[in-house]
Every structure is written in structure tokens, then in C-alpha cells.
Amino acid sequence: MMDIKLDPSQDDLPLMANTNHILVKHYVLDLDVDFECQVIEGTIVLFFEDGNRLKQWSSSSKETCQMEPNEACTLRTSEPCHIPVTNARSSSSKMEYNNFAICGKGDRDISDKDGNHDNQGQVSGISISKYCRDTETHGREEFLLVLDCCDLSVLKVEEVDVAAVPGIEKFTRSPKLTVISEELRNEMVRELVALPADHWREQLDYFARCSQAPSCGELFFDTDNWSLRIRKTGAQTATDFPHAIRIWYKTKPEGRSVTWTSDQCGRPCVYTMGSPINNRALFPCQEPPVAMSTWQATIRAAASFVVLMSGENFAKPTQLQEGCLSWHYYVTMPMPASTFTIAVGCWTEMKPETDSPRDLEAERFLPPSEPDFRHVAVCSHMEYPCRFQSASATTQEIIPHRVFAPVCLRDVCQKTLLPLIPLCLSAAHSVLGTHPFSRLDILIVPANFPSLGMASPHIVFLSQSTLTGMSHLCGTRLCHEIAHAWFGLVIGARDWTEEWLSEGFATHLEDVFWVKALQLSHPEAREYQELRACLRWHRLQDELHNSTEDMQVLRPRKEKTGQVSDSGACVVKHGLNPEKTFMQVHYLKGYFLLRFLARTLGDETYFSFLRKFVHMFHGQLILSQNFLEMLLENIPEEKRQELSIENIFQDWLESSGIPKPLRTEHQARAECRLARQVDAEVTKWIRANRRPRKRKRGEQGEVFEKLLPDQLILLLEQLLQQKTLNPRTLQSLQQTYNLHEQDAEVRHRWCELVIKHKYSKAYKHVERFLQEDQALGVYLYGELMVGENARQQQLAHKCFALTKEQMDRASAEVVAEMLF
């Protein structure tokens, strides 16, 4: 048995849910978004499966309470009168909008200091030991459901009387429901969650109807910093525990899963961050990846807002009452709860001025949830309506897609982003085949979003920083996020510490997709990819130089990777380290490993294998060895050379620093024509920098070549190594390449040069970058402070003061450490 002992001084992220005992199979969320109070509140109904294969609680989970032996955990009943008990229809989209106790609406909040409502007159304060004994049941141990939860006010937990739903008897062996028992209710839920894939509509309908059923009793619950613990008196095993429960709760304004902010037009909005704590501050859930579930959600908000969410359907709002709209989304592919995403704001759909033939072609396809399930492949995953089994889906190069953004970004979205989407989707399909998801929404998120992009099922967040300059940064980032549909979402890491299985693949594939989208010839594509490798080589060296060795390992748990405690609880190494958010080691080392494998095997062999791997493992969770074992099994022996799982683990995944096979990578630079062209331009700039201010009569000035955006980045990075660049050279650099109008990656390097050489004429470019490009600007604060220049430090403090209230929390913490 593996005990989970949490040290508050450490930066590991705990995953507390006891997924080895019981699994959530479906979530039904029914929520109101309140911008005045900055809370999301309502109910979530969880439907469980135990599989009838679990042992008695006492034999398998001594650590479930996650406490030391001398600690006690307190369970209590919820406040029964604070929120009215609903009837079978009260939670539907037609419910009265003010049924909930919403702050600011005249109701008194009587929650305790942790935000949990406690009825002192009820059976509360029941003291239990590490084994969760209840003295009222004569010393017998009771099953304890543990959910991942933090920054939530849990108001009430109750068992759902699914037997009250008309027609539910079809899911039992009893023709007539005469005596309703716990066992019978659980049987109904077990049969419901086990319906075959072609009954998905019926299944979703019954999930919704069951979620609106009345309560048949409240459950004891308690919370700590990281979990919600629930039990029912007399339920000794997971099999006995209610298989459908309803949790009444509300988020907190400071909750770390959601960000309340303003968009680029100054209007309020809220969106989920995804990390580092995922969704446990949005709803109580099972966070471990193994807890793959489906969900449906009804979200209500004021009529001026648009609700976007991870869902298979293009949701259309329903008006409930004047000024209030309801939005409904669902998914039928089981995925980890951490992939659930929601964004609510005054977004406007951005449409092209004229529909291209490719856009119209995409619109003609039916959603894959209406499949002609002609089996074109045998799937290995749990049963669900799979696009890989739909003949029409397998040939669909471009899936239906929409773009949303604040209206003030309409022009730049139409010019830069919209034309790229069909090209990138088609390129991805040409490389990997069937798109895993039936549709795609793309949202331009507010300026405080801390990265360039984030992919979730059916929705991608893009930073506004991707829209500046030419289309290069926007296109490559879009390709990166599209790649996550295959690697990161439909194929996920079973152990979150193996991030390279998501980010390494997406980084490698973004180049492959992008050259396909640009329709480059084979030599041009090869040159481009070599240039990108040069850039990443420099970046990896910098990352390794500025990070501790334990943060450089791609498989930090080594032989313990994938292992959990008897209950299913585990920790994610360094999951709460704020600096980890800004590190790219797992992107870069993962990229170079896959590049090494593709070069060793040859592109044709490697990508043929990759398509086969996707068909084998889509809809499943993997570890590194799953990928490597199948790779070595499926390539000709003469191409394996000295490849082995042991060698790859040792050289690439379980060691810090530069992997052995990569130490000759700098030689690739000498073979890259685009990099050599940059070297020639650097020489010209160094020569120009050394010239006196006044040229001799007849002396010709330097003639500089036009450079690609990635070449500009390489040029600026090399010039950063120069000890001194005079103001005249810097001014000429800016004017020659219009650096202040380039994409965010180029402008970031330009700002570094400005700061290093104290080029005060361009401080306005640094100030603009720190405010508008927060996804990339954190590092610049450190550069402004380290030089101990009073004017630069004043600039850093000024920019932080202007942005800190809206800035992402992790970013703000890192910047504050730099400044104070």
C-alpha cells in the first residue's frame, strides 16, 4: 500500500479521489453564473460505477481520510433549510431563476469560515478515527467517498431518488417498483451507465431526468484543503454507497480554477484556467486521469453573455425569462474531468466576410454523433460513439468550427486567424487521419491568459498575442493546439508527471502540420524544420541552465510512474510549483526525442506508425512504455539500430541535462541554410555596430536581407550575446525589420535587447508588451530588475501596478517575487 503524506512546504499537487473504490461515470451540472458576486453556483449530480468488484472498506483503504493517526476528521450533515428541496423539475432549465441562495440577493450567508454550511442542531461534529469509524454503527467501518475539491462552498449533499423518474423501471429486473431500496436504485444507475453507445441519446435524457429527481436523504460530508468527503450511515462498501448523489455548492471569487476578469473591450468575463489545480475549484470531482467520465451541463447567465464549453453540440441559448439565457452542452466521449472547460463572456462570433469553399464543405458534414457506424476499425477503448468508427468522419478533413472574440478584435481575427483554420485542420488530417472531435470553437481569451494557447475537448483558447505580426505565430500555435486533440485529449497521460506525452508530441507535430498547411516543398519543409530545431536547441540550453536538475526529468517517478495508493490517491510532482508553469523542458526534450525517433526511422516509417498508434490507443490513457513498446514492435529490425526502451528511458526520460543523443545537435545548425543566412546577417550587424557614427565618403552601408520571423528570433538571440550595441544600431535594427510590429515572439527578443542595452527610446515597446502580452512577459520583469537601473525598475513597478489586479495569479506571484 502506498500512503499519501502531504507536506504543506512541498510543491506537489495531491489527487485525493479514491478512484480505486468507485468511479464517476457521468456529471450533470446545473449552474448559474453571477458576475455581480463573481460566483458560479448550483448543483452537480454524480453518477457512479463500482463494478461490484470492490472489497470491504476495512480491507483496502486505511489511508482514505488522508490524516495522521492522532487526527480526527469531522463529518456533518448539511443545512437542510437553507436551499429548498427541489421537486423532479426544479433543477431543469425551466426552473425559477431565484431558487438558489445567491449572495447579494438579500439572503444571509451563514456559512462557516471555510464556506461550508453547518447545521449545529443536526448530527454534526461526529468524531471519527483514521479508519472513519462511526460509533453509532457499533464500531463498523463505513465507506467514505473522497472527491477532489478546494476553494468551494459546499452547501448540501444528498442522495438522488432515481426511482422517482418515470420509466426508470426499464433499467431493473423488476417489472413493477413496489419496494424501493438502495440496492434497487444502485441497480438502476449501473444499468443506465452501461447502456451501449448507440443508445447515447436515451442515456443523456435519463441522466438529465435523474438529475432533477427529488432527494431521498441527506448525506454526511466534510471538506479539508484538498478534498470533499462524503458518507452514508450503514453503507460499508462502494457497492452499498448511493450511486447518484447531488451536491449543492458555489465557487469562491478567489477560486483557483476560474478567472474573473475583463475582456479586451472592458466587459466582464470568466473562464477556466485548466491548471495547476484543474477543475476542483469549479466543481467537486475525481481529478485522477483514470476517472474518465462524460458530462452534460446547463449554464444560465444574463442575456448579454455567451457561454462556450467543452461540448459536442453547437449550443443554442434558450430564453428562460427576460434578461436570462440558458445554454446546454454535452459530451459522449469519456475523458478526465480536468479537460472540462467553460468560458462566459460578451463574445462575438467572428465570421469571414465571404465563405470559402472549404468552409462550406465543412458545414455539409453531419456531426459525428449522428454516425453511420460502419466499422472501419476495431477500437480498444471503453464503449462510446467513436468517430474512428464512422466512415464519414474518417474522410472529414475540416471539421465545423467557429471563432469567438470581443468585438474589438473582429478585424484582426478576420485577417489573421479565420483563413488559417481550414488549412491547419486539413493539414492535421493529412498527417494523423480522423479528427477525434466533431467540431471546434476557438476563443480569443483576455490579455491576462498566462500562455499562448490551451486545448480542451471541442474548444481551444488562444492568446491575443498570437494575432499580432504576420500569420506565422498564429498558425504554428493553432497547429500546436489542434495536435492536442490527438495527444493530450483523445490519448492522455495516465500519470500527469509524464507531460511530454502531451506537450512533446504537440510541439513536434506543430511543425509537421504547419509545413503541410503552407504547402512547402520537401526541401523547403526540411529547411524550415531544421531552423525550428536550432531555435529550440538554444531554448533548451537556456531552460536547463536556469532550472534545477529535478525539474528537468521527463519521467520523475521512474519505475513508480503510474502507481497510486490502494485508494487511487496520488500526488503530481511539482504540480503546484509556480515556476513550472513557465518552464518548457517537457515541451523541448519531448520534441527532441520524437525528432530523434523520426530521423532514426525515417519520416515515412515513423508517421505510418504514429497513425497506427492513434488507431490503437485513442480513447485511452497511456504511459511512456506503451508508446515505446509499440514503436519498437512495429518497425523493421534493421531500422531499430541500438534503440531499446531501457536506453530511451535512461538517455531521454529519466536523466537531467542534455540527453546523450542530442549532444551533437549543434552540428545540425551548420547544415541549416536558413540558420547560416542568419549568421551572415549577424556578422553584418556586428560590423555596422563597430563603425564610427560618420561614414567615410563613398563608403557603402550594409545591405540587409529580408528574414523570416523565426530567422528574426535567431538573429536577435545572437545579438543578445553581444556585450554592447549602440543606440544607432538598435534604432537601425528596429527600422530595418519593423520590430515593434512583428509577432509577439520576435517582439519579446526585441524587448530583451532594449532592456539589456538601456535603449530608452524603445521603453514604450516594453511597456506595451508587459500589458498586452502577459502570456510571454513575465521574464522581462526579471530583466528590468536585475540591471539595478532606477528607470527600468520604475518601469517594471509601473507596469505591474497597472496589470496585477487582472494578472493570472501564478504569474503575479512570480513577478511579485522579482519586484519586492
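Trainee: Why does Arg267 count as partly exposed?

Mentor: Arg267 has 28% relative accessibility, and because buried means under 20% relative accessible area and exposed over 50%, with partly exposed in between (1.4 Å probe, protein chains only), Arg267 counts as partly exposed. This is a predicted model in which local features need pLDDT of at least 70 and side-chain atom pairs count only at pLDDT 80 or more, whereas totals for chains, interfaces and linings use all residues. Residues are numbered from 1 along each chain as its sequence is written, and side-chain values use heavy atoms, leaving out hydrogens and water.

Trainee: What makes the pair of Asp263 and Arg267 a salt bridge?

Mentor: The closest N and O atoms of Asp263 and Arg267 are 3.8 Å apart, and a salt bridge is a side-chain nitrogen of Lys or Arg within 4 Å of a carboxyl oxygen of Asp or Glu, so the pair qualifies. Asp263, with a relative accessible area of 6%, is buried.

Trainee: What makes Arg246 and Glu158 a pair that ties together separate parts of the sequence?

Mentor: Arg246 lies in strand β11 (residues 244-251) and Glu158 in strand β7 (residues 152-160), so the parts that they tie together are 88 residues apart in sequence; strands are DSSP runs of E, at least two residues, numbered from the N terminus. Their side chains meet in a salt bridge at 2.5 Å, N to O.

Trainee: Why are Arg246 and Glu158 called buried?

Mentor: Arg246 has a relative accessible area of 0% and Glu158 one of 2%, so both values fall under the cut-off for buried.

Notes
Helices (H or I, at least four residues) and strands (E, at least two) are DSSP runs, numbered from the N terminus.
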